[in-house]
Amino acid sequence: MTFTPAAKKTIYDFLKDTQTRPEDYDLILTGDLGDIGSRLLRELMMKESNIDISSVHNDCGLMIYNLKSQDVHSGGSGCGCSGSVLCSKILNGFRKGEYKKIMFIATGALMSPVSTLQGESIPGIAHGVIIKA
């Protein structure tokens, strides 16, 4: 959930800078916010920016895990989920013509042993990439 504000800011800033809307993309895909983080992202986008991404948003962690049959809580590794979903389902979707343009938001943490040992927080980051057919 710590990556949700970073994903929200990246999506918002990109849409604003490019003067595009969520509907201009076949998919806005986040790394692994999980169920809780994904719901929070959609809520923050509406509440703080009046932007509804619910019709085009999905999350790599939610695409891999089955929340009803697996005890995954908020998902797994953002980099593992992102890479697995992008290199399988998403790229195959482009080959099949299911996608023409997606916004891919890889989420993660700036891990630092020094910061952790000093009791500092772990900042969340989100890098955005546009992928077109």
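**Figure 1. Helices and strands of the protein chain.** The protein chain holds five helices and four strands. The model shown is predicted. From the start of the sequence to its end, these elements come in the order α-β-α-β-α-α-β-α-β.

**Figure 2. Contacts and burial across the protein chain.** The protein chain has 133 residues, and buried residues account for 37% of them. Contacts between residues at least 6 apart in sequence were also sorted by separation: in 68% of them, the two residues are at least 24 apart. The accessible surface of the protein chain is about 7,700 Å². Carbon and sulfur atoms contribute 54% of this surface.

**Figure 3. Surroundings of T10 in helix α1.** Helix α1 covers residues 4-18, and T10 is part of this helix. The relative accessible area of T10 is 19%. Buried means under 20%, so T10 counts as buried. Apart from neighbours within four places in sequence, the residues in contact with T10 are I105, A126, H127 and G128.

**Figure 4. Aromatic rings and a charge over a ring.** K8 is placed over the face of Y12. The distance from K8 to the ring centre is 5.0 Å. As for rings that pair with each other, the count is two aromatic pairs. In general, two values describe such a pair of aromatic rings: the distance of the centres and the angle of the planes.

Terms used: Residues numbered from 1 in each chain as written. Predicted model: local features only at pLDDT ≥ 70, side-chain atom pairs only at ≥ 80, totals over all residues. Heavy atoms only, no water. Helix = DSSP H or I, 4+ residues; strand = E, 2+ residues; numbered from the N terminus. Buried < 20%, exposed > 50% of the residue type's maximum accessible area, 1.4 Å probe, protein only. Contact = heavy atoms within 4.5 Å. Areas by Shrake-Rupley, 256 points an atom, 1.4 Å probe, with all protein chains shown as cover. Phe/Tyr/Trp six-rings, centres within 6.5 Å; stacked < 30°, edge-to-face > 60°. Lys NZ or Arg CZ within 6 Å of the ring centre and 35° of its normal.
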